[in-house]
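Here is a report on one protein chain. Please read it alongside the sequence and the structure.

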Amino acid sequence: MIARLRGSLAAIQPPLVLVDVQGVGYEVLAPMTTVFELPPLGQEVQLFTHLSVSETSQQLFGFLRESDRQLFRTLIKVNGVGPKMALAILSGLDGKALARCVSEDNVGALVKVPGVGKKTAERLIIELRDKLAPDLGDANDIPLLAAGAPKVDHAGEAESALTALGYKPTEASKMVARASKEQPDADSATLIRLALKGMAPA
């Protein structure tokens, strides 16, 4: 079991993060709430990890805080919620926002997450109600991804990240287009943040 990684941040291709640990590169899937807080490329990063093993693959999921990893593990224990869905949930909703959705029985906010239907949203609320303490702080106050990467197709990279999280390509394109109108010169991290912010509960 790989429980923690500490090394140099080699690459970021949301939601995939590459961590170089003494010459060995580890590919880690991270929710956007973690990606937005990563240090610049080349700097040291420590991630708390969860190894998911299935018949067809082994995937490593990473989080900056132990509490976020615990929340991820709590989510995948809910019937019908797998690692990919948990990653999508924690990309659109941080711990504060998720706790608020649960405390307010906000099914509408949860069904905006790709793959989450009404029944799954209701199950999440029921099973998480006694496990999450509501915090009504500003759930949208998420730091931006540190600068330093070479120029890229920001809109295309943002769309690819959203698609990897489970959003349909047409839906991801519309989300990024709306975000681009809001901030025409935004980088990919900002576009992703704005797109996901539009999916978060009001």
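## Helix α2 and its surroundings

Asp-68 lies in helix α2. Helices (H or I, at least four residues) and strands (E, at least two) are DSSP runs, numbered from the N terminus. The model is a predicted one: local features need pLDDT of at least 70, side-chain atom pairs count only at pLDDT 80 or more, and totals for chains, interfaces and linings use all residues. Residues are numbered from 1 along each chain as its sequence is written, and side-chain values use heavy atoms, with hydrogens and water left out.

Asp-68 counts as buried, at 18% relative accessibility. Buried means under 20% relative accessible area, exposed over 50%, and partly exposed in between (1.4 Å probe, protein chains only). Leaving aside neighbours within four places in sequence, Asp-68 is in contact with Phe-63 and Leu-90. Contact means heavy atoms within 4.5 Å.

Helix α2 spans residues 66-76, and its buried residues are Asp-68, Arg-69, Leu-71, Phe-72 and Leu-75. Seen down the axis of α2, these buried residues fall within an arc of 160 degrees, so they line one face of the helix. The arc is that of the directions from the helix axis to the C-beta atoms. An α-helix has 3.6 residues a turn, so residues three or four places apart point the same way. What covers the buried residues of α2 includes strands β4 (44-53) and β5 (58-63), along with helices α3 (83-92), α4 (95-103) and α6.

## Aromatic cluster

How many aromatic pairs does a search of the whole structure find? The search finds two. Phe-63 and Phe-72 form one that is tilted, with 5.1 Å centre to centre and 45 degrees between the planes. Rings of Phe, Tyr and Trp (its six-membered ring) pair if their centres lie within 6.5 Å; planes under 30 degrees apart count as stacked, over 60 as edge-to-face and the rest as tilted. Phe-63 counts as buried at 0% relative accessibility. Phe-72 counts as buried, also at 0%. Ring pairs link Phe-61, Phe-63 and Phe-72 into a cluster.

## A loop residue in the interior

Leu-132 is found in the loop between α6 (118-128) and α7. Is Leu-132 buried or exposed? Leu-132 is buried, with a relative accessible area of 16%. Beyond neighbours within four places in sequence, Leu-132 is in contact with Leu-71, Leu-98, Ala-99 and Val-102. Val-102 and Leu-132 are 30 residues apart in sequence and 7.9 Å apart in space, C-alpha to C-alpha.

## The C-terminal helices

Helix α7 covers residues 154-164, and in it Ala-158, Ala-161 and Leu-162 are buried. Down the axis of α7, the buried residues fall within an arc of 95 degrees, so they line one face of the helix. Their cover includes α1 (32-35), α8 (169-182) and α9 (188-197). Just after α7, Gly-166 takes a positive phi of about 120 degrees.

The axes of α8 and α9 come within 8 Å and cross at roughly 110 degrees. Therefore α8 and α9 are roughly perpendicular to each other. On the α8 side the contact is made by Met-175, Val-176, Ala-179, Ser-180 and Glu-182; on the α9 side, by Leu-191, Leu-194 and Ala-195. Axes are lines fitted to C-alpha atoms, for helices over the stretch in contact, and angles run from 0 to 180 degrees between N-to-C directions. Angles under 35 degrees count as roughly parallel, over 145 as roughly antiparallel, 65 to 115 as roughly perpendicular and the rest as oblique.

## Backbone in the loops

The peptide bond from Pro-14 to Pro-15 is cis, with omega near 0 degrees. Pro-15 is found in the loop between β1 (4-13) and β2 (16-21). Two residues that are not glycines have a positive phi.

| Residue | Phi | Loop | Relative accessibility |
|---|---|---|---|
| Gln-22 | about 50 degrees | between β2 and β3 (24-29) | 81%, exposed |
| Asp-105 | about 55 degrees | between α4 and α5 (107-110) | 44%, partly exposed |

## Overall make-up

The protein has nine helices and five strands. From the N terminus on, the elements run β-β-β-α-β-β-α-α-α-α-α-α-α-α. Of the 202 residues, 43% count as buried. Among contacts between residues at least 6 apart in sequence, 59% join residues at least 24 apart.
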